[in-house]
Amino acid sequence: MQEYDVIIIGAGHNGLVCAAYLLNAGYSVLLLEKRPVPGGAATTEECIPDQAPGFKFNLCAIDHEFIHLGPVVEELQLTKYGLEYLECDPVVFCPHPDGKYFLAHKSLEKTCAEIAKYNQRDAQKYAEFTHYWQQVVNAMIPMFNAPPKSIIDIFGNYNTNTFKDLFSVVGSTQKSMDFVRTMLNSAEDIINEWFDEEFLKAPLARLASELGAPPSQKNLAIGVMMMSMRHNPGMARPRGGTGALVQALVNLVTKKGGVILTEQQVEKVLINNNKAEGVRVKSGQEYRAKYGVISNIDAQRLFLQMTDKSDIDDVDSGLWERLERRIVNNNETILKIDLALDQPLIFEHHHHRDEYLIGSILIADSMNHVEQAHSKCTLGEIPDSDPSMYVVVPSMLDPSLAPSGKHTAWIEFFAPYQIAGAEGTGLNGTGWTDELKNKVADKVVDKLATYAPNVKQATIARRVESPAELGERLGAYKGNYYHIDMTLDQMVFFRPLPELANYKTPIDNLFLTGAGTHPGGSISGMPGRNCARVFLQSKHPISHAFKDMGSTIKSIFRVS
């Protein structure tokens with residue numbers, strides 16, 4: 001039986017990041033991935049090879065913002081292993097039905113000038129709004145990059161500038177009360193409080209809803225920070241697609257001696273005397289872990305499907321039921337459409353410029369349009385009568401993704417995982433069939449064609465992945481690529497549950513990482529890095545305590 005110091009279940013980008021830090025600390029690491037390729041939701045694949053050879057598609061994640069809020073790329077020296085980021089500018093284009101459009105550049109000043117073409121007040125308020133949310137983000141970065149229950153780690157991440165931003169946001173009673181009120185509010189209410197013009201409000205609502213809920217949902221106003229991050233630190237994509245980040249991590253892990261085995265689905269965590277000792281894969285092969293098993297999959301699948309209830313009850317008699325009943329997934333996921341194109345999209349009704357295609361293209365006609373796109377999903381309805389969507393033409397920024405002169409299009413359409421009234425039919429009983437997913441995709445493309453009429457004639461080939469297929473491919477519960485919803489009640493100290501929120505579990509030597517842990521989903525590597533820190537602190541508590549104290553003292557005198 002093969003033995004490693006650490007076994008990681010799932011080779012998604014957070015699992016790979018965690019492995020890299022542990023390898024750097026001298027541990028031997030085995031990663032077990034159920035798919036034929038590592039990467040999880042962060043792969044780039046040639047997925048229509050017969051009809052569109054040479055076209056490479058990001059099958060899930062595409063735009064990278066959060067990873068630039070942390071030190072993962074620099075600390076792991078990923079550029080040495082082949083990673084190159086391409087900066088997007090402009091960052092957003094959102095055409096409006098009346099001929100107006102929102103064009104956001106990385107430069108705040110240029111963006112405000114675009115807004116001022118239609119409304120001078122909104123342009124001024126946009127500058128103030130962005131400045132405020134950038135301060136909020138800067139104040140939160142030290143918390144993102146530390147285990148949520150580690151005060152020393154969090155405090156050690158602050159410097160003079162981030163303390164100033166924190167003080168700017170909550171430095172007085174009035175500011176603190178305003179901040180709490182904002183956090184308890186909805187994105188819709190906050191956007192309406194600041195702005196007048198629908199052409200501006202709609203894309204802000206659409207980006208806020210990327211957290212996976214309608215803009216009207218209370219306690220989720222934090223989503224409006226999404227646009228501010230596109231100004232600073234900015235938005236970028238790896239050359240070669242999101243999978244190039246994964247490849248750089250794979251290069252690092254294998255060079256450091258880590259082992260990655262694909263098509264190895266873990267079926268069981270081996271627990272003895274309240275301690276995780278290894279795993280068993282589908283073939284029956286067992287692997288032993290000397291110091292720990294780390295799960296890069298969500299807590300529900302880990303405990304409810306890969307452990308015996310008796311083992312969990314021995315350490316926490318209530319945990320099993322809390323995992324079943326307290327963790328919320330609101331039924332919203334995505335139907336993903338990939339197009340191989342023989343020409344780029346042309347937005348002929350909006351004074352087309354090729355720069356529109358560099359960043360994200362949002363089809364969001366109004367805040368109500370966005371609201372319908374999300375709220376219907378929670379009811380099990382498909383919001384395809386007037387689709388809203390998120391579109392990217394990644395080959396405009398990175399021609400390596402398509403043959404010369406050709407292009408790819410990436411389309412995200414929010415849809416329910418379980419269709420109401422169709423229980424027990426379709427794939428995994430969700431109601432989704434090949435016929436249905438293609439009918440929905442037709443409506444999505446029809447809507448896109450009202451803005452870019454050439455999309456249909458330009459399409460060489462198409463791939464459509466239903467929510468049920470996406471969930472099956474990723475192994476995600478209810479197709480939730482964030483593992484669990486990103487609502488305030490399931491963030492920070494509550495993600496995924498309070499007793500599991502610091503990457504540890506009640507089972508000795510069993511740890512959690514991935515999107516279902518703090519600070520949540522998206523491409524950031526933060527859960528992987530934070531988990532590695534907790535693991536190392538648990539194995540070397542004295543040395544890490546001194547190291548963390550030293551970092552904290554240094555931070556007091558650090559300016560940036």
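**Cysteines, a core, a helix and a strand**

Colleague: Is Cys112 buried or exposed, and what is its relative accessible area?

Modeller: Buried means under 20% relative accessible area, exposed over 50% and partly exposed in between, using a 1.4 Å probe and protein chains only. Heads up, this is a predicted model, where local features need pLDDT of at least 70 and side-chain atom pairs pLDDT 80 or more, while totals for chains, interfaces and linings use all residues. Residues are numbered from 1 along each chain as its sequence is written, and side-chain values use heavy atoms, leaving out hydrogens and water. So Cys112 counts as buried, and its relative accessible area is 13%.

Colleague: OK, how many disulfides does the whole structure have?

Modeller: A disulfide here is a pair of cysteine sulfur atoms within 2.5 Å. Take Cys112: the closest cysteine sulfur, in Cys94, is 17 Å away, so that's too far for a bond. Cys94 doesn't bond either, because its closest cysteine sulfur, in Cys88, is 17 Å off. Searching the whole structure gives a disulfide count of zero.

Colleague: Which helix gives the most to the largest nonpolar core?

Modeller: A nonpolar core is a set of buried Ala, Val, Leu, Ile, Met, Phe, Trp, Tyr and Cys residues joined through side-chain atoms within 4.5 Å. The largest one has 106 residues, and those with the most contacts inside it include Phe102, Tyr126 and Leu448. Helices are DSSP runs (H or I, at least four residues) and strands are too (E, at least two), numbered from the N terminus. With nine residues, the top contributor is helix H4.

Colleague: Why are Thr162, Asp165 and Val169 on the same side of H6, and what arc do they cover?

Modeller: All three are buried residues of helix H6, which spans residues 160–170. The arc is that of the directions from the helix axis to the C-beta atoms. Lys164 and Phe167, on the other side of H6, are exposed. The buried three sit on the same side because they cover an arc of only 55 degrees.

Colleague: Which residue in strand S15 stands opposite Leu362?

Modeller: Leu362 belongs to strand S14 (residues 360–363), where Ser360 and Leu362 are buried on one side and Ile361 and Ile363 on the other. Strands pair if DSSP finds at least two bridges between them. S14 runs antiparallel to S15 (residues 389–392), joined by four bridges. In S15, the residue opposite Leu362 is Tyr390.
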